[in-house]
Amino acid sequence: MADNQQTFSESWHRVANQRIYLRSSVRVRRQYYRGERWYVLENPVSNQYFRLRPQAYEFIARLRPDKTVEQVWEESLETNPDEAPGQDAVIRLLAQLYQVGLLHYENPEDSAELFRRFQQRRQREIRSKFLNLMFIRFPLLDPDRFLKRMLPIVGPLISPFGFLIWLLTVGGALKVVLDYFPALKDESQALLAPGNLVWLYAGLVILKTLHEFGHAFFCRKFGGEVHVMGVMLMIFTPIPYVDATSSWGFSSRWKRALVGLAGMIVEVFVAALATFVWANTGAGLVHNLAYNMMFIASVSTLLFNLNPLLRFDGYYILCDLLNYPNLHQHSAGQLKHVVKRHAYGVATSKSPTDKKSEKTILVTFGILSHIYRIIVFTGILLFVADRFLLIGVVMAVICLFSWIVAPLGKWIYYLFTSPELDRVRSRAVGVTLGFVGVLLIFLQLVPLPHHFRASGVVAAENWAELVSQTEGTLMEVLVEPGAQVTAGTPLLRLSNPELSLEMRRAEARLSEVKMQLLQAMSFDGVDVKPLLFQRQSIEERILVLKQRQEDLIMKSPIDGIWVAPEVEQVIGRWLVRGSSLGRVIHPGGFEFISPVLQDDVDRLFANEIGSSEVRLFGMAEAGIEVTSMDIIPVEKRQLPSRALGWSGGGDIPVTQEDEQGATTAEPFFEVRSKLGSSGDAHLLHGRSGKIRFDLKAEPLLPRWIRRLRQLLQRRYQL
Amino acid sequence: MASDQFYQVPKPRPMYRGLDSVMHGWIGAYQRRSAIGRQLLQDAEAVDALAPRFEVMNDHELRAALLEFRSVFLRRPKHDAELEALAAVREAAFRTVGLKAFVVQLAGALALNRGHLVEMATGEGKTLTAGLAAVLIGWTRKPFHVMTVNDYLVARDASWLEPFYEFCRIRVGKVVGGASEEERREAHRCDVTYTTSRELLADLLRDQMKNRDSATRSRRILKQMTQSRMQGNQRGVLRGIHMAVVDEADSILIDEAVTPLIISSPRPNESLKKAIYHADALVRQLSERDHYTVQSTYKEIYFTEAGRQKIESLSHDWPGIWKSEARREELVRQALVGRVFFLKGKQYIVQDGKVVIVDEFTGRPMPQRSWRQGLHQAIEVKEGLKPSDPSETVARMSFQRFFRCFTKLSGMTGTARESARELWRIYQLPVVCLPSNKPCIRRQHQRVITTDEASKWHAVMEEIKAVHHQGRPILIGTRNVHVSEKIGEMLDEAGLRYQILNATRLSEEAMIVARAGEKGRITVATNMAGRGTDIKLDPDVSALGGLHVIATEPHETGRVDRQLFGRCGRQGDPGTARMFASMEDEIIVRALKGSEKSYPMTALSSLLPRPWMVNFAQWISERRAYKQRLAVLRADRWLEESLSFSGQS
C-alpha cells in the first residue's frame, strides 16, 4: 500500500472478479468544500459518512451488479485514462467503503469478521470515553418522533419572521442591560456564593436543554434526522446533549452553520427573556434564576460555544464557514507536515491542502487551539483538583499520559522507526535532538532577567504617631495641621475637669494625712509608719496626676510636619487614652513597606536583588528609585495598611475574621525599601503602589520547577 | 470419501496489538520457561524406562500394541498414552530403520507433539525425531503435513522412514514439485504427508481458487455434495490444513516467510507490451545525473526536472497511457530499474530466449519465478527478447499468514533461540531448547576482523592452507555464489583442490556436503546449500581434530552463522570454526553506512571496537529484517481485514 500511484497491484485478484456495488440504501449528495466538488455517501442505517473525490466517485458510481470490478476498472481506464484510479487505489477505496458499510457484496459469509470489527469499534469508543473523562456521553433516547410532531409548531419560527422576533427581543434586552448595568454588576459578586450554586446549575440545565433542542429543531427543519439525545458529563456536571451530526450531510454550508448556531440563537433568546424577568422582579427565586440564566447564556456562549478553539459549536461553525471540514485534524496534519517537510526534509510529506491561504489558516489555528486547550485544561484540572484531590490527581495522570507521555513516545518511536524517515533519519534525529538540546540549554543555562512585583505603601522613614497619653476632651488645635513643627511644640489641648478634681481631692487627702501624721507624732510614736506610707503614695499619685495634666497639652514628639487630616472632626469629643490623633512626619526620607508572601520571599532571600523601583498608583509613569532594602526576617500577619488587603481593594488575601481587614490569610515578610529621589512623584505617607524587584538573572527551567513545586505545596500540601 | 473434500481453512491466529501484545509477550516468556525443557526430558526418561516392555515383544505383538495405541489416539490422545505410545513407536523405529532414539530425541518428539518449536543441535537426528512425533500425530487421522526445505529432503526423509511408518500403520505420502494433481490428492490423503511449504501452500491456493465461484458456504456445501460425480480436476486435492511439523523451522518460518506465494497465469496484454517497447526506447535516451539519480540502498530512482521534461517531450505523440504523467513515469521508472539494478548474470540469465531469474543466494536458476508485472517484460525487452505475456496474479498468500492458519504447529531447527520472541509473537510458537545427546566439543576460534576485504581474503587463505596442511577437511561457508566463485579462483591460484557447490541438482549437492568430512577435502558452499545433510567424519579425521568450518562473512542474523558452525562438531565429533569479517563486508556497510553517510550512529559506531561493530551491524540488520517482516504481516492483515468481503486469499 506504499504508493497509491501504482497502476497494478499484487492484490488485485482479491477484488478483480467480485461484483461489488454501493448498497441501494446509500444516499449520495454533492457538496462543495472550498470550491471543490466532493461526494458525500451516507449510510442511513449506521449514520456513517464517507467523502469522496469526484474521480473516486466516478469509479464507485460505475460499479454495477452485472459487472466485475475488473471490467469496471478497464471501462474507466478507457474513458478516462488520466484520472482513473490505479488498482491499489481502487482496493483501498473499496476497503474503506466496506468498513463504513456502504458496499453490497456477494459473500455474506464473514460474519465473524464483521463481529470482530464491531467489537473493535466498541472498544475504541470505550477507550475514547475514558480518555475523554471530562466529556463522557451517555446516549439516552431518540427524540426524532417528538421533534417531527413538534415541528409544525416550532418550525414556522425558524424563518425570517422568527429572526425578526429574535432581533427585537434581544435588542430590547440589550437596552435593559445597559440601563441596569450597575445593578447587574453588583449582583455578579454573589454569583459563585455557595447558596447560589444550586440556582446556577438549575439555570444551566434549563438553558442547555433548550440549547440542544435548538440544534435538534434546526436540524430537523432542514431535513436531518436526530436520533440520539442523552446526558454528557462535562467535568462531572451532567448536561444534556443531542447528536445533530446528520446536518453534516446538508449540501448548503449555511444550513450547516445555522444548525451549529441554533443552540446559541436559542440561548441568547432565552437570556433576553430572562433579562426582562430579572429587571421586573424583586429579589427572590424567580429573580435569581433569571439572573443566573442571563449570566450562563452570555458567558458560556461567548467563552465556550462560540469559541472555535475548543471543539464545541463554534468550531463546527468555523469549519462550515471556512468550508473546511476536519479543520482540527488537518491543522494538526499541517503542523506535522511543516515539521516533516521543512525540519526533517521528508520530501514525500504531503500537506493536507494545496492552497497557500489555507496553509496559513491551518497553522494559525493549530497553534492557537493547542495553546488554548492546554490553558483551559490546566484550569479545569486545577479546579477539579481543588475540589476532589483524588480525581484531580487521576485526571492529571491521565492528562499527563495522553498529552505528554504518549505523544512524546509516539514521536520518538516515529523518529527511530518510521520508514518515511529512512532516508533522512539522521537529519530528523539531529534536528530534533538539536532543537530539544538548544531548548534545554536555553531553559537551563541561559540566565534571563526576571522580576516580580509586590504592592506596598509609602511610609516616612522617621515619623511619630501623636497618641493621647491621657483621656480628655479635645478642646483646641494649637497648630494647624500641615505646619512645620519642632519637637516639643504644643499641638493639641485637651481638657479633663475630672483630672483637676481628682488633683484637688488628692491634695486635700495629702493635707489630711499630714495632719494625722503630726497628731500621731505628738503621741508616742506608735502608729506613724502606716501614715508615712500613706503620705508617700499620695504624693506619688499627685505626681502622676500632674504629669497627666501636662499631657493634656499634646506636643510634637519630633521635628517634622504635623499631619492630622481628621482632627477637626474630633474637637469637643471625649478621647480615651491611646487615641491616635495625627502624625508628625519627618520629611527627610521615605520608605516603601511591602508585604511579600512566602512564595516570593524565598527568591528575595536567595537572590541578589539588582535594582528595584517603586511606582505609585496614579503616578505609574514615574519610577522611584530604591536606594537600599531590608527584608525583615520575621513572619508577620498584620498589614501595614489595610489598603493592601483584599477588603481594602488590594491584592493580598486577608482573613474573614478580622473586620479591619488587615490580618492576612497567610504570613508574610516585610520588605522595607528606602526610596531615593522621588523626581516628580509626590511622596506621601500611606500612599500605596507597587514595587518591582529586579532579581538576578536566572534560567527559566529552575524557576518553573520551583513555581510548580510551590503550587503543589501550597494547594495540596504535597 | 466426499467428506474429506470439503474443508475450511482455519482463521489465522490473532495478532495482538498495544497492551495485549505486551501481555501476550509475557505469556510467551512463560511458555518458554526452562521448566518446560526439564519436564520434557523427564517425560522422555519415563519413556526410556518403559522401553523394556516393548523390547521383549515380538514384531507381531508390537504391531498389535501399536494398533491399540492408534485406536486410542484416533479417539483422543491422552498424556499417559502419549508416553507409552512413544516408547512403542521408538521400538518400532529401532526394528525398521535400525536407530534407537536417544532420550533427547524422545523429548524432541514429545515437544513436537505438544506444539513446541524444538531447538536441537544439528546432527541430533531431527528426521527420526520428526518421524516419531509424526506417528503420534498421524494416528489422529487429521490432515497432517511434515514440511521441510526442499524436494530432495522430502523424498529422502519420506522414503527412509517408509518402513517405519508402514510398521506403525501410518500411510505416508509425499508431494514434490511436478507431481500431478492425482498424485497430490493421493499423497494428501495419507496420514502423514511429507512436502515443502511451497507445494503445500500452492495446493491450498489452487484448491481455494476452485472454490472461488461458490461464494457462500451453503453453495459450497451443495457443490461439495455433488462433487464426487464431477470431473476430477474440479475437486480439491487437500483434506485441509490442520497440523504441521516444520523442519528447519527458523528459515521456513522467518527467513523465507516474507515472500508470498503467488499463483499466476499468463494473460496477453498487447497495450502493456507496446508501452514497454516505448519505455525501453525512451530509457535509452536518458542519462544518469542529467535525467535521473539512483539511490542504490533502496533501489530507487528519482527523476530530475530535466528528466521529467525529456520524458514528456519524447512521449508526446504516444498513445493512451503516456498521457498521464504518473503512469508514464511509472513505466519509465520500471524500465530504468530493470536497466540499472537488474544485471545479466547476477540477477538473471538468458536461457533459450527467456529471462530466467537467478536466486541471489544459492545461485540457482529459478525458471518458474518471474518479476512483477511489467518489470519482467521490461528486462526481456532490454535483452532484445520478445516480451512474454505478463502474468497475472490469481491467488496469493504470504507464508506468514499460511503458517498462522494451522491449528497446531510445531517445528524443529538447530537455531531458534535468537528468534524466540518473534516466533512467539507471530506464530505463537514457544521455543524449547534441548541439550545435545553428547556434549559438544566444537571449538569456536576467535573471530578475525580486518579493516579491508583484501586482507580478510589473505587471512582466509592462510588459514585454509594451514588447516589443509594438517590434513583436516575444511568447509568454507559463503553468503552467495559470487563469493563462492571468488574463493574458487583463489584456491585455484594456491593450487589447492576443492569442491564448489554450484550444482543445480539438490541430491548432488547433498552428496558433496555429505563427503565434506573426508580427509583433506576443501568444500566451498553457500550456507543454504545441502541443508539437512549430515557431514560424517572419516575416523582418522576425528583424530586430527575434525572438520574446520570457515565463515567468510557475517550474515544478517547470528542464527545463520550458527547454522554454519553447526556443521562441524556434530554428535560429539571434534571440530573447530572460525569467522572472518572485514569492515567492508556487505552487512556492515549496509547496516552502518548504508542508508546515509551522516547517520549519527555511524559516527558513534566507528569509535567502537571492531568486534562490537560487527555485532552492532548484525543487530541492526536483524532488527531491520524483523521490522520488515512485521510490516509485511501488517499489510497482509490489513488486506485481509478490509477485503474480507472478497472471501478469499
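At what angle do helix H7 (residues 160-179) of chain A and H10(A) pack, and how far apart are their axes? In this predicted model, the two helices pack at an angle of about 45°, and their axes lie 9 Å apart. Angles between 35 and 65 degrees fall outside the parallel and perpendicular classes, and H7(A) and H10(A) are therefore oblique to each other.

**The helix contacts of chain A**

The crossing of H7(A) and H10(A) is left-handed. On the H7(A) side the contact is formed by A:Trp166, A:Thr169, A:Val170, A:Ala173, A:Val176 and A:Val177, which meet a set of residues in H10(A) that includes A:Ile265, A:Phe269, A:Leu273, A:Phe276 and A:Ala279. Sorted by class, this contact of H7(A) with H10(A) holds 12 nonpolar residues and two polar ones, with no charged residues.

Helix H10 of chain A, which spans residues 253-279, also packs with helix H11 of chain A, residues 285-305, and here the angle is about 150° with the axes 8 Å apart. Because angles over 145 degrees count as roughly antiparallel, H10(A) is roughly antiparallel to H11(A). The crossing of H10(A) and H11(A) is left-handed. From H10(A) the contact draws on residues including A:Gly263, A:Met264, A:Glu267, A:Val270, A:Ala274 and A:Trp278, while H11(A) contributes, among others, A:Val286, A:His287, A:Tyr291, A:Met294, A:Ser298 and A:Asn305. The residues of this contact of H10(A) with H11(A) comprise 13 nonpolar, six polar and one charged. A:Val268 and A:Thr275 of H10(A) take part in the contact with H11(A), and A:Val268 and A:Thr275 are also listed among the residues that meet H7(A).

**The two chains**

The table sets out the make-up of each chain.

| Chain | Helices and strands | Buried residues | Contacts with a separation of 6 or more that join residues 24 or more positions apart |
|---|---|---|---|
| Chain A | 21 helices, 20 strands | 26% of 718 residues | 72% |
| Chain B | 25 helices, 21 strands | 45% of 649 residues | 73% |

**Confidence**

The model as a whole scores ipTM 0.72 and pTM 0.65. Chain B has an average pLDDT of 83, and 89% of its residues score at least 70. Over residues 595-599 of chain B, however, the pLDDT is below 50, and this stretch has seven contacts in the model beyond near neighbours in sequence.

**Two loop residues of chain B with positive phi**

Which backbone angle of B:Arg141 is positive although the residue is not a glycine? The angle is phi, with a value of about 65°. B:Arg141 sits in the loop that runs between helix H6 (126-138) and strand S2 (144-148) of chain B. Because a residue is partly exposed when its count of neighbours lies between 12 and 20, B:Arg141, with 15 C-beta neighbours inside 10 Å, counts as partly exposed.

B:Gln428 is likewise not a glycine, and its phi is positive at about 55°. The loop that holds B:Gln428 lies between helix H17 (420-427) and strand S14 (431-433) of chain B. B:Gln428 has 18 other C-beta atoms within 10 Å, so this residue too is partly exposed.

Terms used. Residues are numbered from 1 along each chain as its sequence is written. Chains are lettered from A and ligands numbered from 1 in the order in which they are written. This is a predicted model: local features need pLDDT of at least 70, side-chain atom pairs count only at pLDDT 80 or more; totals for chains, interfaces and linings use all residues. Axes are lines fitted to C-alpha atoms, for helices over the stretch in contact, and angles run from 0 to 180 degrees between N-to-C directions. Helices (H or I, at least four residues) and strands (E, at least two) are DSSP runs, numbered from the N terminus. Angles under 35 degrees count as roughly parallel, over 145 as roughly antiparallel, 65 to 115 as roughly perpendicular and the rest as oblique. A crossing is left-handed if the near helix is turned anticlockwise from the far one by less than a right angle, and right-handed if clockwise. Two residues are in contact if their C-beta atoms, placed from the backbone, lie within 7 Å. Ala, Val, Leu, Ile, Met, Phe, Trp, Tyr, Cys and Pro count as nonpolar, Asp, Glu, Lys and Arg as charged, and the others, Gly among them, as polar. pLDDT is the predictor's confidence in each residue, from 0 to 100.
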